[in-house]
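Here's a quick tour of one model, with a ligand site, a helix and a database annotation to look at. Have the structure open as you read.

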Amino acid sequence: MEILNTVLIKNLGKHLDEEVTIQGWLYNQRGSGKVKFLILRDGSGLLQCVIVKQNIGEELFDKTKALTQETSITVTGIVKEEPRAAGGYEMQVTGFEVINIAEEYPITHKEHGVDFLLERRHLWIRTPRQMAILRIRSEIEHAFRDFFYQRDFVLADAPIITPSACEGTSTLFGLDYHGEKAYLSQSGQLYSEANAMALGRIYCFGPTFRAEKSKTRRHLMEFWMVEAEMAYFDMDDNIKLQEEMVYYVITRVLERCKRELTILDRDVEKLKNIQLPFPRISYTEAVEILKEAGEDFTWGEDFGAPHETIISNHFGSPVFVHRYPTSIKAFYMKPDPEDPNVVLGADLLAPEGYGEIIGGGQRIDDLELLKQRVEEHHLPIEAFEWYLDLRKYGSVPHSGFGLGLERTVAWLCGLEHIRETIPFPRMLHKMYP
Ligand code: 4AD
């Protein structure tokens with residue numbers, strides 16, 4: 001929908017040979033004493049605006065001399081087809097109005113170092129590459145919501161301030177809640193289980209927090225997680241839903257973000273080649289793959305990033321690894337009745353070395369076993385009384401999962417580092433701006 005008589009650059013094709021107005025910022029310019037080419041950006045794309053002195057008069061033409069990079073400006077003109085231009089169109093300017101002449105802009109069209117750019121993240125996000133990533137992120141978020149909406153899932157939000165841990169106590173951000181100890185949520189899961197017992201099939205989608213001491217290209221302190229929880233789902237139902245969801249999101253991005261993927265130079269063939277169903281292997285089989293690849297790995301250890309890369313490269317597709325050792329997984333994971341040393345949980349590893357993007361599994365539904373596991377993990381039982389109640393009043397088999405949005409964005413965009421996937425990343429020792 002256009003607002004007033006202004007048009008978004010991405011929609012110019014609908015206004016061929018019409019006079020329209022673009023509201024934007026000056027990204028770049030070149031020209032001579034007679035013709036000026038202004039490259040405008042408006043958040044939806046870049047547009048070349050051609051200003052001919054003879055057409056607009058000397059007085060207005062002279063004003064272009066004062067225009068600096070990032071000056072805010074509205075430009076009116078006729079839309080013309082121009083196959084050589086990035087979007088396929090250019091504008092023959094009939095008039096323009098300067099809103100604010102920008103001071104000397106720190107991010108020029110030269111290469112800048114990452115530290116320099118991160119310090120100026122509030123400006124860095126104005127560059128075409130960053131805008132493309134953030135637009136894809138937005139598409140992915142919409143795709144998740146549509147996927148669940150189409151399948152009758154209820155969106156049930158989980159709290160951010162919580163009295164207890166969900167994913168182990170080593171990565172908790174603590175805070176003072178009017179004199180009581182509280183934590184920023186590591187996952188909405190425990191609340192989602194309660195919501196699923198009320199509403200059947202639910203999802204939540206919000207920020208989660210991990211005080212990770214990891215400084216890697218996959219870890220953020222604050223990241224967004226889409227989490228689903230389904231009553232009466234076993235591990236296999238859970239995996240099937242996840243692969244359908246991931247496939248749906250890939251398809252949406254390929255269909256609707258072509259321009260952005262081109263800006264990012266993403267090798268889209270790798271995404272197009274992904275097929276359903278995704279391979280499924282057990283943790284034990286994954287360990288065999290590592291050993292065959294020459295890794296010195298002992299059954300019972302957790303996979304590190306290089307291990308995950310070896311496993312996913314083996315398939316060249318997203319791959320589910322299920323039945324991890326009970327000892328390395330969270331307290332709520334249901335042991336496999338056929339072998340209680342492993343749990344009915346599965347992680348989804350993304351291809352191309354992007355690592356684990358989903359963690360999920362079937363939950364313990366037996367009250368006594370769950371109590372025992374809370375104790376074994378040295379968690380304060382009082383804080384979990386409400387959670388144990390779910391196993392007292394109509395307990396059912398149920399499963400769920402959580403997908404990390406930023407790792408998924410990094411994968412689908414083909415990015416080296418997770419820091420570019422969110423407008424304002426929170427990383428180890430870095431929270432400015
Ligand atoms: O495997 P995790 O820890 O699973 C849970 O939190 C479950 N309670 C979810 C559930 O079943 N409802 O995290 C899930 C996903 C990971 O696969 C990863 O994609 C992402 O969250 N993730 C992170 N992303 C960025 N930075 C971090 N520090 C992350 N930690 C986890």
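A residue counts as near the ligand here if its C-beta atom, placed from the backbone, lies within 6 Å of that molecule. By that cut-off, 22 residues surround the ligand. Keep in mind that this is a predicted model.

**Around the ligand**
- The closest residues are Ser187, Gln189, Gly359, Gly402 and Gly404.
- Which element gives the most to the shell around the ligand? That's β17, with five residues.
- β17 (355-362) has company: β11 (222-231), β18 (398-404) and α14 (405-413) also supply at least two residues each to the shell.
- Sorted by class, the shell holds seven nonpolar, eight polar and seven charged residues.

**Helix α10**
- α10 runs over residues 283-292, and its buried residues are Tyr283, Ala286 and Val287.
- Why do these buried residues sit on the same side of α10? Because they cover an arc of only 105° around the axis.
- As for what they pack against, the buried residues of α10 meet two strands numbered 280-282 (β12) and 319-322 (β13), plus α11 (305-315) and β15 (339-343).
- After the helix comes glycine 294, which has a positive phi, near 90°.

**The annotated span**
- UniProt, in an unreviewed entry, lists residues 134-433 as "domain: Aminoacyl-transfer RNA synthetases class-II family profile".
- In the model, residues 134-433 are 35% helix and 22% strand.
- The end C-alpha atoms of residues 134-433 lie 17 Å apart.

Key:
Residues numbered from 1 in each chain as written. Predicted model: local features only at pLDDT ≥ 70, side-chain atom pairs only at ≥ 80, totals over all residues. Buried ≥ 20, exposed ≤ 12 C-beta atoms within 10 Å, placed from the backbone. Helix = DSSP H or I, 4+ residues; strand = E, 2+ residues; numbered from the N terminus. Arc of directions from axis to C-beta. Contact = placed C-beta atoms within 7 Å. UniProt positions renumbered as here; feature names shortened; annotations may be inferred. Nonpolar A, V, L, I, M, F, W, Y, C, P; charged D, E, K, R; others polar.
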